[in-house]
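Welcome! Take a moment to look over the sequence and the structure, and then we can walk through a few of the details together.

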Amino acid sequence: MSETAELAVVGAGPAGLAAAALAAGFGLDVALIDEQPGPGGQIYRGIETSPHAPGTVLGEDYWYGARPVRAFRRSRVRYLPSTAAWSLDRERELGLLHAGQARTLAAKRVILATGAIERPIPIPGWSLPGVMTAGGAQILLKTAGMVPHSGTVLAGSGPLLWLLAWQIGRAGGKLDAILDTTPKSNWRRAWPHLPAFAVSPYALKGLRLRLAVGRRFRVVSGVVALAAEGQERIEAVRWQGADGSEGRLAVDTLLLHQGVVPETNLAMAAGVPHRWEETRLCFEPVLDAYGDTEVPGIAIAGDGGGILGAWAAEETGRLAAVAAIRALRPDAAEALRPVEARARRALAHVERGRAFLDALFRPAERFRIPEGETLACRCEEIAAGRVIEAASMATGPNQLKAYLRCGMGPCQGRMCGLTVTELMAKARGVSPAAVGHYRIRPPVKPLTVAELAGLPPDPVGEGAVNRD
Amino acid sequence: MFRRQPETAATLSILVDGKPIPARAGESVAAALLAAGLSAFRRSPVSGVPRGPYCLMGACYDCLVTIDGQPGRQACQVPVASGMRIETKP
Amino acid sequence: MGDCDVAVIGGGLVGGAVAFGLARLGRRVALLDEGDLAYRAARGNFALIWAQSKGLGLPEYGAWTARSAAAWPAFAAALHEVSGIDPGLHQPGGFHLLLGEGEYLRRGELLARLHNQPGMPEGGYRMVGREELAKLLPDIGPDVVGASYGPRDGQCNSLRLFRALHLALGRLGGAYLPAHGVQALRFRGGSFEIEASGRTIGAGQVVLAAGLGNAKLAPLVGLEAPVRPQRGQIVVTRRTARFLDHPTTTIRQTDEGGVMLGDSVEEAGFDNAVTLGPISAIARRAVRIFPRLGALPIARSWAALRVMSPDGFPIYQQSATCPGAFLATCHSGVTLAAAHALHLAPAIAAGRLPPELAVFGAERFHVSAAA
């Protein structure tokens, strides 16, 4: 027999915490599943165990995370930490793994709050040891109190780039340079959204960060090309400016960032339809105003439904919970009305300014669509040139996968999915929407054969495999 | 190169390829290895080139190491524990 | 517009092999394929070339399979030469591993019955006891009591096979046309018109190799294909050091190093989703057979739809009413690829299926319906 819950929430970041706490408050039997040992997600990662004194180094937006975590700790949610959700089907049965033990959990409703992953940055040499994401460096800072000290360059584009630089500065770390790849031409597109951004909660903060970082570290703007060089590990970073100028620095660490994109693998494995979002250049699930997907009973909240940031994630988490509570407790409809109204107001507030950020930090084609020998798929080491060569013959990314093995490695396409779709689209002169994406199958998190074998046998499965 | 901030000193020790390295409770195996100056954790099974952690959030699968005899574990997702045995292939 | 000698409908392994065979004979071939999310058995197979258990109830199928297995080396070499891609043929003989005395006895009886049929090729199998087996496959678990061995059995890299077929066709002057799902198919004035992707393609001959899609296409040109989907699921591990030198029915190590674990048989309609019951049963059986597999991380799972006829055997047919229209369907696209390229394709080029394939006509289903 499968374990059950009325509502299963996957992910203990801001969206998942808010959804779980609200639903539990309305008396639902809620299970909150999270891969990490403690709540907070990536954004508030390690908030209960961080080696930093509260209020220091990481900044007030990080320490704000203690509030939703406390609210969740007070709730009556069944919390399943250190538990990976490796499977989800259309009947809302989840496959879980905790301490080497696999089991299933069947829920009446599921809210996926699986958050975001860093957008791949397929530049030459990006698979060399020593090349890491800015998000990764931030996790090292949050959870291990580690900061770069020498031989480090931070490169790319987006709000996190500046936040991380500021945090590194506050922590006494060193960056040899910041290479800003934000295309100058993005300003033209972002301009119309400036008035809304100016009155948004992000504007003043962002400006302050940017100025503080500029005072502390060398910033090179208008970078149009970037490469990591080295044999066994990164030895240098080379770049080119818009004016044709070139630069090179010897480094042992290169931190890359060009925004984050929804982590879609679990939703895709459940058959949730996704569509290409041209402003944000990624696939996003098709959702209604509550985050419900086209698969009955499965909703998506937080950045997994489209990148809106941590504050918005709390509100979309609440809205998804509102829909789940209303479905399971029709009597609560009246009491939910003010809750929903509050969440919608707050969401509207924090959504303001997002269009400006999306337009300004839209990564340049040069850094999304590689060419020649640059790896598109890190796991199977498939160069961009090979993808382009095979693109004309393949029916789409799934056939390409069969042809070249791209997307077949352990990352299951997380590091190459968007790149391969965009490469094919460009090679054929069609939109990425027309190309589509990899079909994702479970397990979407690592599971050994023995762990899978450890699931309790069911007659249907046994009957399907017994050939005797 | 990453360094620990002084106030976050190591509190325990893990064995990496037979050698003890310091680690701090609450951090991942990947963090402990990086703090010890290791950036290449394994060899790609395709061409044999060295690889190390890239995303540190469980998405890239480039930080795979053997932990207590279990191959292919994500170093960035496993918290350190005292006496843990790690095998890398730098 | 787009005129060709032969239009092959269906870009999977059956269509790909027939198209390759026809193109080698100098025919101008158009290979029409559907889109990226088509039901595609060619991307979900187990990559075995398998003969030992084929043909119970139809020894001609056993013979046809053995003939294909024997033709595979020549087929692989020809394909490699034309496409530049090695389909990775490895044919050292294969095992069906047996858990417990009961399985061993029943397998022995089954294969004896099968291979004692008149018309079955000689030397198709032998039973192997545990002691001998353990020398060849030292990693077997304690529950494995023995195996049946098929000397003709082998494996290939079916994804490279798939790509090689498409590439080879292009190099031989043919056209692989993805996103050309067939909208209409007509026989007019002695030749065929196919509407696909907004164009009309004229062809002197047409070969229906569209798998499950054949069911709808066949009646348009006086053929029939009473096929249904049958789901099969597969689990694949990450790459590991080589430990398995022979293919087995349900476990094989690919030339890249991953281990494929199969497979299940389910009647699930057109639902090709992976489900946990069967894949965990697959994992349980795999760990009993090779305990060392337990520690391997899973890279992915897969479910695909086999193309099954009512009796499970292939259907090969030529149209009586629309001369030049042929149909080929089977659920052993890898095993039979060599026969399809080297024997079936020449027969189609000559305009007539050979007498030994007469038993595979869809008429055989009428007989049982009338009885």
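The paragraphs below visit a contact between two chains, a single residue and a sheet.

Please keep in mind that this is a predicted model. Let's begin where chain B meets chain A. Chain B brings 39 residues to this contact and chain A brings 56 residues. Together the two chains bury about 3,800 Å², with 55% of that on carbon and sulfur atoms. On the chain B side, Phe2(B), Tyr54(B) and Met57(B) lose the most area to chain A, together 23% of what that side buries.

Charged and polar groups take part here too. There are 2 salt bridges across the interface of chain B and chain A. One of them links Arg43(B) with Glu232(A), whose closest N and O atoms are 2.9 Å apart. Between these chains, 19 residue pairs are in polar contact.

Staying with chain A, find Glu315(A) in helix 10, which covers residues 310–328. Is Glu315(A) buried or exposed? With a relative accessible area of 11%, Glu315(A) is buried. Beyond its neighbours within four places in sequence, Glu315(A) is in contact with Ala343(A), Ala346(A) and Leu347(A).

Now turn to chain C, where an open sheet of 3 strands follows the order 4-6-5 with antiparallel pairing. Strand 4 (94–99) and strand 5 (126–129) each have a single partner strand, so one side of each has no neighbour in the sheet. From one strand to the next, the twist averages 30°. Strand 5 of chain C is joined to strand 6 (residues 144–150) by 4 bridges, and Arg126(C) stands opposite Tyr149(C) in strand 6. Helix 7 (residues 276–289) of chain C packs on this sheet and touches strand 4 and strand 6.

Methods:
Residues numbered from 1 in each chain as written. Chains lettered and ligands numbered in written order. Predicted model: local features only at pLDDT ≥ 70, side-chain atom pairs only at ≥ 80, totals over all residues. Heavy atoms only, no water. Pairing = 2+ DSSP bridges. Helix = DSSP H or I, 4+ residues; strand = E, 2+ residues; numbered from the N terminus. Axes fitted to C-alpha atoms, helices over the stretch in contact; angles between N-to-C directions. Contact = heavy atoms within 4.5 Å. Buried < 20%, exposed > 50% of the residue type's maximum accessible area, 1.4 Å probe, protein only. Buried area = accessible area lost by both parts, 1.4 Å probe. Salt bridge = Lys/Arg side-chain N within 4 Å of Asp/Glu carboxyl O. Polar contact = N/O pair within 3.5 Å; in protein donor to acceptor, adjacent residues only side chain to side chain.
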